[in-house]
Amino acid sequence: MFEQFAAEARATVASALEETTLRGDRRIGTEHLLLGVLHEPRAVRALGTDLETARAALDTLDRSALAVVGIDVHGIERAPVPASRKRTPFTSGARAVLPRALAETRRAGGRRIQPEHLLLALLDCERPDPAADLLTELGVDRAAVRERIRRTGR
Amino acid sequence: METQELSERLRSHDPAVGLRAVGALHRLAEQVEAAAVARAREQGWSWEQIGDALGVSRQSVHAKYGK
């Protein structure tokens, strides 16, 4: 699968891995792929939101879920988790994004998967997928983003 | 306040919230550990002492946090 990735999309996956370990997660999920995509300025423009905002939104989702089980994380000392030397696999949801991204590449008449094809595939995620929750939390208008990407497409 | 409490209680029956809370607890544990290990190192704790405190081997703490 990865041989079909353009260099930019490989960088997206590398960034997604970085975001995964920073957060202390053990698998690369769709929410990390979305953060990875946001390392690209073009994706930031298409989504109308940036990396910091998306990281903060994930944190907000975590905080409110913890509040529901009675845990208040306010004032707890936390630090980014160092990169792991262990293999970090994809979640099944993240794996399922890859063929959908390839389909987007083909639809756009491209040969190699670009970050925007990953983004288009992520926009199709539905609840309870974590990227879908994040997009909702961010108030992203998916149809408008699709339209912006396909208009500027490559 | 009462309505908020009620809505929280209703949300707690949503499995998506409960499952996210578990994931968030894992992440929180990792992030608190990273902060605590850094502080312990600053204060001169050995990898062995930190490993014992965390209930893991000296090697695994060092592999994760050693530079």
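What share of the 67 residues in chain B is buried? I looked this up first and found that buried residues make up 13% of the chain, where buried stands for 20 or more other C-beta atoms within 10 Å of a residue's own, with C-beta atoms placed from the backbone.

I note that this is a predicted model, in which local features need pLDDT of at least 70 and side-chain atom pairs count only at pLDDT 80 or more, while totals for chains, interfaces and linings use all residues. Residues are numbered from 1 along each chain as its sequence is written, and chains are lettered from A in the order in which they are written.

Next I went through the elements of chain B, which has four helices and zero strands (DSSP runs, H or I of at least four residues for helices and E of at least two for strands, numbered from the N terminus).

I then turned to the interface, where 20 residues of chain B are in contact with 19 residues of chain A, contact being C-beta atoms, placed from the backbone, within 7 Å. On the chain B side, α1 (2-11), α2 (15-42) and α4 (58-65) each supply at least two residues, and α2(B) gives the largest share, 14 residues.

Last, I checked helix α2 of chain A (residues 30-37) and found eight of its eight residues buried, among them A:His32, A:Leu34 and A:Val37. The cover over the buried residues of α2(A) includes α1 (7-23), α4 (51-68) and α6 (115-123) of chain A.

Key:
Contact = placed C-beta atoms within 7 Å. Buried ≥ 20, exposed ≤ 12 C-beta atoms within 10 Å, placed from the backbone.
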